[in-house]
Amino acid sequence: MVREDGKRNFALRESGGEETSVFSGNTPRQAALKAARRLEPGSSEDEAERVELRLREKGTEKVHIYDGWAWEETAPDDKPDWMPSEITEANVSKKGIEHLDE
């Protein structure tokens with residue numbers, strides 16, 4: 001379901017089917033990136049653990065499936081004063097879409 005501001009809500013599904021968090025974004029990938037930033041970060045992108053993220057679009061039976069990973073990185077030199085010196089970066093790779101039969 002699309003909100004007035006054009007964003008859609010996606011519920012993060014755990015392996016048992018329970019939905020623990022909701023992320024919003026214009027696209028499923030945008031919501032998946034937000035979810036991936038909450039993962040335990042690795043020391044580098046290559047060493048980061050890949051975790052399957054399953055996001056159900058609210059109001060539909062579509063589940064978007066991604067592999068997500070996060071890592072620590074040094075903040076850029078032109079960072080604002082409030083930003084810490086170490087930041088968490090994230091990336092996702094789409095695996096596919098499933099339709100629930102519930």
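Reader: What share of the contacts in the protein chain with a separation of 6 or more comes from residues 24 or more positions apart?

Author: In this predicted model, residues 24 or more positions apart account for 48% of the contacts with a separation of 6 or more. The protein chain has 1 helix and 5 strands, and along the sequence these elements follow the pattern β-β-α-β-β-β.

Reader: Why is Arg-56 called buried?

Author: The cut-off for buried is under 20% relative accessible area, and Arg-56, with a value of 14%, falls under that limit and is therefore classed as buried. Arg-56 has its place in strand β3. Across the protein chain of 102 residues, 33% count as buried.

Reader: What makes the approach of the side chain of Arg-56 to the side chain of Glu-19 a polar contact?

Author: A polar contact requires a pair of N or O atoms within 3.5 Å, one able to donate a hydrogen and the other to accept it, and the pair formed by the side chains of Arg-56 and Glu-19 lies at 2.6 Å, so the distance meets the limit. A polar atom of the side chain of Arg-56 also lies 3.1 Å from the backbone oxygen of Thr-60. Once neighbours within four places in sequence are left aside, the residues in contact with Arg-56 include Phe-10, Ala-11, Lys-62, Val-63 and Leu-100.

Reader: How do you know that β1 is largely enclosed by the rest of the structure?

Author: The conclusion rests on a count, because 5 of the 6 residues of β1 are buried. As for its partners, β1 pairs with β2 in the antiparallel sense over 6 bridges, and β1 also pairs in the antiparallel sense with β3, over 4 bridges. Phe-10 has Phe-23 as its bridge partner in β2, while Ala-11 has Arg-56 as its bridge partner in β3. Between the strands of the β1 and β2 hairpin there are 5 residues, and Gly-17 in this hairpin takes a positive phi near 100°.

Reader: Why does Lys-95 count as partly exposed, rather than as buried or exposed?

Author: Buried means under 20% and exposed means over 50%; Lys-95, at 48% relative accessibility, lies in between, and therefore counts as partly exposed. Lys-95 belongs to strand β5, which covers residues 86-99.

Reader: How do you know that Lys-95 touches Glu-52, and which other residues does Lys-95 touch, not counting those up to four places away in sequence?

Author: Contact means heavy atoms within 4.5 Å, and the side chains of Lys-95 and Glu-52 make a polar contact at 2.8 Å, so this pair satisfies the contact criterion as well. Lys-95 also touches Ile-65, Tyr-66 and Asp-67. Tyr-66 is 29 residues from Lys-95 in sequence, yet their C-alpha atoms are 5.2 Å apart in space.

Reader: What volume does the largest pocket have, and which residues that line it are the closest to its centre?

Author: The volume of the largest pocket is about 190 Å³. Of the 13 residues that line the largest pocket, Leu-12, Arg-13, Glu-14, Glu-52 and Leu-53 are the closest to its centre. The elements giving two or more residues to this lining are β1 (8-13), β2 (19-25) and β3 (51-57), and β3 provides the largest share, 4 residues.

Reader: How many residues of each class are in the lining of the largest pocket?

Author: The lining has 6 nonpolar, 2 polar and 5 charged residues. Glutamate and arginine count as charged, so Arg-13, Glu-14 and Glu-52, all named above among the residues closest to the centre, belong to the charged class.

Definitions and conventions. Residues numbered from 1 in each chain as written. Predicted model: local features only at pLDDT ≥ 70, side-chain atom pairs only at ≥ 80, totals over all residues. Heavy atoms only, no water. 1 Å grid on protein atoms, 1.4 Å probe; cavity = no way out; pocket = protein on both sides within 12 Å on 5 of 7 lines; lining within 4 Å. Points joined across faces, edges and corners; volume = space filled by probe spheres on them. Buried < 20%, exposed > 50% of the residue type's maximum accessible area, 1.4 Å probe, protein only. Pairing = 2+ DSSP bridges.
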